[in-house]
Amino acid sequence: MTGRAPLGTRILRDSRDWAAMTDDEVIAARDAANRAASSPAGRIVTGLPDRGARIENAAIDLPGRTVRVRVHRPRSGRRPLPLILSFHGGGFIAGSAVQNDWLNSRLAARCPAVVVGVDYRLAPEHKLPMPVEDGYDTLVRIVDDAAAWGIDPTAVAVMGESAGGTIAALVALRARKALRAQVLNYPCTDWTASMLDYPSVAANADNPTLPLSRLRAARSLSVPAGFDARTVSPVTSEDLADLPPALVITAGLDPVADQGRTYADLLREHGTAARLTCYAKATHTFLSTPHLVPAARPARREILTFLREHLAP
């Protein structure tokens, strides 16, 4: 690796060969990981929610499916509030909105805002572009019903980590001027066959939180045969102008760090305001493991400041 990962992240090292697992094995591993993340012991890693926010689980009925969401609201404050739509990571094959409670609840309490974590459909059962459609359709449904949600439909941002960063970036491409901001945390922006060709992949191949076998499995399981992965790879977009201002956060010890940097550079080349911050001693998923990676706290402060700036009345 390009540096030493924080000591605590060693407990997250995953030695399983994800690329060799069957679909059923992947689903079982995902379910076990999600249970662990939401358990009392798991909170030692993922962090406790902010006491200034209340959390509710809800469901949104969309054509042909129901999408579950995790809603974070400040316990007190004005209405309507800005909306932040949040997408968890997991390579489109794992993860849940619960893993982002530490960040989402603090943004809800301190922005303040209504922060909605979306439990979009996952592969291998539901392949791309289904997760992206879940993200965009959820945004449209909430904004269309703004009064019931207690949100200001003119003050909306999207945020995502890893594969969730893919969704956030693609939703921003579709919604464009309907959004005030986008926050992309260590995003995967390239799902084409060249996604492993970036220098950061080789430099950080021995990282503990994103083994390359899992990265390969994420692509093979989520991208259907014959599907044009360029349609879900923001770095391949030919029109990145007139997008909401972006904050792109990368981790210096992350195999996909160069994907975030490349996308930020492209946004700026097309005239979209984009701030890029690299936390040199952080690993992939570090905002979901705040008790293990000290960089999570300054990154959270940066995200909060950025969203306050762009979502202010």
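Here are some worked exercises on the predicted model shown above.

Some ground rules before we start: residues are numbered from 1 along each chain as its sequence is written, and side-chain values use heavy atoms, with hydrogens and water left out. Local features need pLDDT of at least 70 and side-chain atom pairs count only at pLDDT 80 or more, while totals for chains, interfaces and linings use all residues.

**Exercise 1. Work out how α4 and α6 pack.**

Step 1: Pin down the elements. Helices (H or I, at least four residues) and strands (E, at least two) are DSSP runs, numbered from the N terminus. Helix α4 covers residues 130–144 and helix α6 covers residues 163–175.

Step 2: Get the geometry. Two packed helices are described by the angle between their axes and the distance between the axes. Here the axes come within 9 Å and cross at roughly 55°. Axes are lines fitted to C-alpha atoms, for helices over the stretch in contact, and the angles run from 0 to 180 degrees between N-to-C directions.

Step 3: Name the arrangement. Angles under 35 degrees count as roughly parallel, over 145 as roughly antiparallel, 65 to 115 as roughly perpendicular and the rest as oblique. So α4 and α6 are oblique to each other. The crossing is right-handed (near helix turned clockwise from the far one by less than a right angle; anticlockwise would be left-handed).

Step 4: List who touches. Contact means heavy atoms within 4.5 Å. From α4 you have Pro-131, Val-132, Glu-133, Gly-135, Tyr-136 and Leu-139, and from α6 Ile-167, Leu-170, Val-171, Arg-174 and Ala-175.

Step 5: Sort them. Ala, Val, Leu, Ile, Met, Phe, Trp, Tyr, Cys and Pro count as nonpolar, Asp, Glu, Lys and Arg as charged, and the others, Gly among them, as polar. That gives 8 nonpolar, 1 polar and 2 charged residues in the contact of α4 with α6.

**Exercise 2. Do the same for α3 and α10, then look at Arg-110.**

Step 1: α3 packs with helix α10 (residues 296–311) at an angle of about 40°, and their axes are 11 Å apart. The pair is therefore oblique, and the crossing is right-handed.

Step 2: On the α3 side the contact uses Trp-102, Leu-103, Arg-106, Leu-107 and Arg-110; on the α10 side it uses Ala-296, Arg-297, Arg-300, Ile-303, Leu-304, Leu-307 and Arg-308. By class, that is 7 nonpolar, no polar and 5 charged residues.

Step 3: Zoom in on Arg-110, which sits in helix α3. Its relative accessibility is 37%, so Arg-110 is partly exposed (buried is under 20% relative accessible area, exposed is over 50%, partly exposed is in between, with a 1.4 Å probe and protein chains only).

Step 4: Setting aside neighbours within four places in sequence, Arg-110 is in contact with Asp-50, Arg-300, Leu-304 and Arg-308. Asp-50 is 60 residues away along the chain, with 9.3 Å between the two C-alpha atoms.

**Exercise 3. Find the residues with the most partners in the largest nonpolar core.**

Step 1: A nonpolar core is a set of buried Ala, Val, Leu, Ile, Met, Phe, Trp, Tyr and Cys residues joined through side-chain atoms within 4.5 Å.

Step 2: The largest core has 58 residues, and Phe-87, Val-116 and Tyr-263 touch the most other members. The element giving the most to this core is α6, with 9 residues.

Step 3: Apart from it lies another core, of 33 residues, including Ala-53, Ala-113, Ala-295 and Leu-311.

Step 4: Now check Val-116. Beyond neighbours within four places in sequence, the contacts of Val-116 include Val-69, Leu-85, Ile-142 and Trp-149.

**Exercise 4. Track down the unusual backbone spots.**

Step 1: Look for cis peptide bonds. One joins Cys-111 and Pro-112, with omega about -15°; Pro-112 is in the loop between α3 (101–110) and β4 (114–119). Another runs from Leu-128 to Pro-129, with omega near 10°, and Pro-129 lies in the loop between β4 and α4.

Step 2: Look for positive phi outside glycine. Phe-92 has phi near 65° and lies in the loop between β3 (81–87) and α3. Phe-92 is buried, at 1% relative accessible area. Arg-176 has phi of about 45°, in the loop between α6 and β6 (181–185).
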